[in-house]
Amino acid sequence: MRGRPALPTVSRAPRRHRTRRRADMPLLGGVRPPIASFIVLLLVVAALTVAGLGSVHGEQVPQAVLGGEQQTAADIAVSVRTAIDAEATTVRRTGDSYTVTGRTTPAQVLKSLAAARKAVLGGALLDTQSGRVLATGGERVPLTGVDAKALTGDHGTAPPRLVTAGTGQRMLYFANVTLPAQSVDANQDQNPDAALPQRKQWLLVVSEALPALTSYGDGRTAQVLDAKGNMLATAASGMAQPLDAADLGIPSAAVDAAVSAHGAGASGSLLGATSGGRQTVAGWASVASSSGTGDADRLGLVVLTFRPVPVMGPSVDYSRFALVAAGVLAGIALLVGLLLQLTVQRPLLRLYLSADRLARGAGESGPRTAEDLARPVPVHGLGEPARIGRALESLRRQLLGESGPEEIPVRRGPGCRALAVIAMLLVAAWAAPLIFLLNRADTATAVPAPVVADQQARTEIAANRIRQSLGESYTDLSDVAKSLSGTTKAAQTTVLGRTLADHHHFRSLYLIGRTGAIVLRVGKTPLRTIVHVPGGSGITTVNTSGRIPAIAAYAQIPVGKGGALAGGGVVLFGEIDVNALNSELPRPKLGGVWVTDANYKVLAASIGYRAFEALPGSGLTRLATSTQSAPGTAGTATSAVLHSSSGPSVAAAAPLAQSGPTVGLGWRVVTAEPAAALQLPAFQAEQRTMLAGVLGLTVGVACLGWLHIVVIRPLRTMAVLAERLAGGDRRTVLYPVNHDEAGSVTRSLELIRQALAERGRGSRSGHASAAQPGPPAQSRHTSAPQR
């Protein structure tokens, strides 16, 4: 029959060899692997429960508080690095874009360049060939160690330097100023090449103060340290206090840690002394970027933050709970494993041997066959093994001719499947409380107040960083707008093209005329849908729908003496690439970050979002609304622990800006970090408890399902077939499916069926011969000699 395995036959001569091969055939799979895997894997889950929960310990200062201080220092370091990089880029861009004419004196150049930057305290212009100072302005610039020739060239300008000598700390920024090409008389130096136009450069050096340092969070102090541990700048907020005498070594320890971590993007935390029930927690972070390509990377600056936090209560230990839970699971594993071995595995193996013995006796003859059939088939186990055993005993008696087919009554008692269900219920009874009930964290007390305060402080830092980014875009656009005044359309196109190439945060630059129509554009197609000519300058949104929010900086072009586009009602718009803004939002351990407009619709986010959609959750919207302290004011930051269907989270909201071009927009920055992601003992214990329950339930379902598929279901089928065969069904062919104990028993039953069917046919043919009339006696007598 096509598609089915070949069945053994009962022919005498080859039967012995086939039977021997069948008895020696290795068994694949079977009843042992699922039961052994069930026991071993549950014991592994028990060990993991002890290891996972046993390592969760409450501390006087939770790791989440230390991590929050570390990330706060890292956020402030990012702000400092961004300010230094932005100032260095601006100074370089100012020097590169300045046009020197043949009649311009060095003093005029320096005055023009210094006036363009309000932060400049002093400036100097140096000759790159001789190193001679050509002009100075403002306060004295510390030029000691400045080699003008080495700091210029084809490879760009040197990064900024930090000078700590003198009365204060100063940042030195450098830029190249290119002079127009000049021709020199070749007869002066007898050099023919000197007659060619010579390109000459001056080196602009400006002296500025360190970027303004701001501290966030009540009681926190922030400091900027140099590579020697000296404090360069400090800022405090609220009731901040200086370090105690026992904590004076924290700054040097922070610098040493940054040096040992190779500085680039490194951060960490430190614990100070305990006094009056409070302990000093410090965080440090290197100002250098992790990529090592920023302008601030060689300065060796380190940001240090510290504040006192309350010492928590007595530590919590989950070791005892872990041992009890693991012991119960180990007991369940051993009990269920022993029960399955006694009621399923051992009876099935005995059935395998008994069925093989009967198959040999049914197909062979001799003393060994009589001995095989003479031994009764023992009945072991419950349910299906017992039913199969009774059916085999009936078949043994039929093979010996002691009885005929026996109708075995159908038994509806519990079988192996009921045993597997009981085993699964035992595992579920252990796992369900761990998943849903035990070690649940109380969010009202599990999240310490310092962790909530850190979320708020980091949200304020994120808002300040976004405000700085938008403010820089506005400043750059304002400078470009001034340069467009009094120029022709061709010149404006050139300037806008160069600006778009230099400022990658702009996706499109365009001029809007008095009617609101775009009269000149470079870059991508504008996303704006609002057609208006705003007054003044600032930051705004130019669409209220669509897939991408359009945030734009705009500035009025001053009235000039040029052509039609020289100014007077013409506004320069620069649409900011929202992807560039989104890339500034993500920070480690801060969670999701959203920037919303005045109606609390999302403009930018650190995670996937749709433009102008509502915040994900009414709790975040209420939190953002609570930042509005009074109508028309910027508002104040706030934070809280929110509850949602996905679990508790630590959330905060802060106004985007208290001043600057974005102050009147009413925008908010909202953050939310799931409490489960915080390194708090209560949430760690809850997660690991749930994980242990899920693992135990998974192992139980997998192993018992495996046992049901490869053993219990074939046993149920085999019991029905064996009872039918014992009841006289000789026509149903039994096809073995697997090479295991159940398959071997099925093959043996098929051999017994073939033997009984052959005997039945022989018995019927004998009865038929006896029923026919015999030949006459004479004929029989005369035929005898012929034989």
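This report walks through two sheets, a helix that lies across both, two individual residues and some salt bridges in a predicted model.

## The sheet from β11 to β15

Let's start with an open sheet of five strands, whose order is β12-β11-β15-β14-β13 and whose pairing is antiparallel. The edges are taken by β12 and β13, and each of these has a single partner strand, so one side of each has no neighbour in the sheet. Going from one strand to the next, the twist averages 25°.

For a look inside this sheet, take β11, which covers residues 506–512, and β15, which covers residues 571–576. Six bridges hold this antiparallel pair. If you want a spot to find by eye, try Leu 509, whose bridge partner in β15 is Gly 574. Helix α12 (residues 489–502) packs on the sheet as well, where it touches β11, β12 and β15. The direction of α12 makes about 35° with that of β12.

## The sheet from β16 to β20

Further along the chain there is another open sheet, with five strands in the order β17-β16-β20-β19-β18. Its pairing is antiparallel. Here β17 (602–605) and β18 (638–642) are the edge strands, and since each has a single partner strand, one side of each is left without a neighbour in the sheet. Neighbouring strands are turned against each other by 20° on average, with direction ignored.

Zooming in on one pair, β16 (residues 592–596) runs antiparallel to β17 and is joined to it by three bridges. One place to look is Thr 596, which stands opposite Val 602 in β17.

## One helix, two sheets

Now for α11, the helix made of residues 449–484. In the β11 to β15 sheet, α11 lies across β11, β13, β14 (551–556) and β15. It runs at about 35° to β14.

The other sheet meets this helix too: α11 lies across β16, β18, β19 (649–655) and β20 (668–674). Against β19, the angle of α11 is about 40°.

## Arg 528, a buried charge

Where does Arg 528 sit? You'll find Arg 528 in the loop between β12 (518–523) and β13 (538–541). Arg 528 is buried, yet it has no salt bridge. The nearest side chain of opposite charge belongs to Glu 575, and that is 6.2 Å away.

What Arg 528 does have is a polar atom of its side chain lying 2.6 Å from the backbone oxygen of Gly 516. Setting aside neighbours within four places in sequence, the contacts of Arg 528 include Tyr 510, Ile 512, Ala 517, Ile 518 and Val 542. Gly 516 and Glu 575 are among its contacts too.

## Ala 441 and a far-off stretch of chain

Ala 441 belongs to the loop between α9 (416–436) and α10 (443–446). Along the chain, Ala 441 and Ala 685 are 244 residues apart, but their C-alpha atoms are separated by 8.2 Å. Not counting residues up to four places away in sequence, Ala 441 touches Ala 446, Ala 682, Phe 683 and Glu 686.

## Salt bridges

How many salt bridges are there? The count comes to 21 salt bridges. One of them brings together the side chains of Arg 220 and Glu 69, at 2.9 Å from N to O. Arg 220 lies in the loop between β5 (201–208) and β6 (221–225), while Glu 69 is in helix α3 (residues 63–97), so this pair ties together parts that are 151 residues apart in sequence. Both Arg 220 and Glu 69 are buried.

Arg 170 and Glu 139 form another salt bridge, at 2.7 Å from N to O. Arg 170 is in strand β4 (residues 170–178) and Glu 139 is in the loop between β2 (133–138) and β3 (161–163), so the pair ties together parts 31 residues apart in sequence. Arg 170 counts as partly exposed because its relative accessibility is 22%, and Glu 139 is partly exposed at 30%. Then there is the salt bridge of Arg 397 with Glu 406, whose closest N and O atoms are 2.7 Å apart. Arg 397 is partly exposed, with a relative accessible area of 22%, and so is Glu 406, with 27%. Finally, Glu 69, Arg 220, Arg 307 and Asp 454 are joined into one network by salt bridges that share partners.

Conventions
Residues are numbered from 1 along each chain as its sequence is written. This is a predicted model: local features need pLDDT of at least 70, side-chain atom pairs count only at pLDDT 80 or more; totals for chains, interfaces and linings use all residues. Side-chain values use heavy atoms; hydrogens and water are left out. Two strands pair if DSSP finds at least two bridges between them. Helices (H or I, at least four residues) and strands (E, at least two) are DSSP runs, numbered from the N terminus. Axes are lines fitted to C-alpha atoms, for helices over the stretch in contact, and angles run from 0 to 180 degrees between N-to-C directions. Contact means heavy atoms within 4.5 Å. Buried means under 20% relative accessible area, exposed over 50%, partly exposed in between (1.4 Å probe, protein chains only). Lys and Arg count as positive and Asp and Glu as negative; His and the chain ends are not counted. A salt bridge is a side-chain nitrogen of Lys or Arg within 4 Å of a carboxyl oxygen of Asp or Glu. A polar contact is a pair of N or O atoms within 3.5 Å; within protein, one must be able to donate a hydrogen and the other to accept it, and residues adjacent in sequence count only if both atoms are side-chain atoms.
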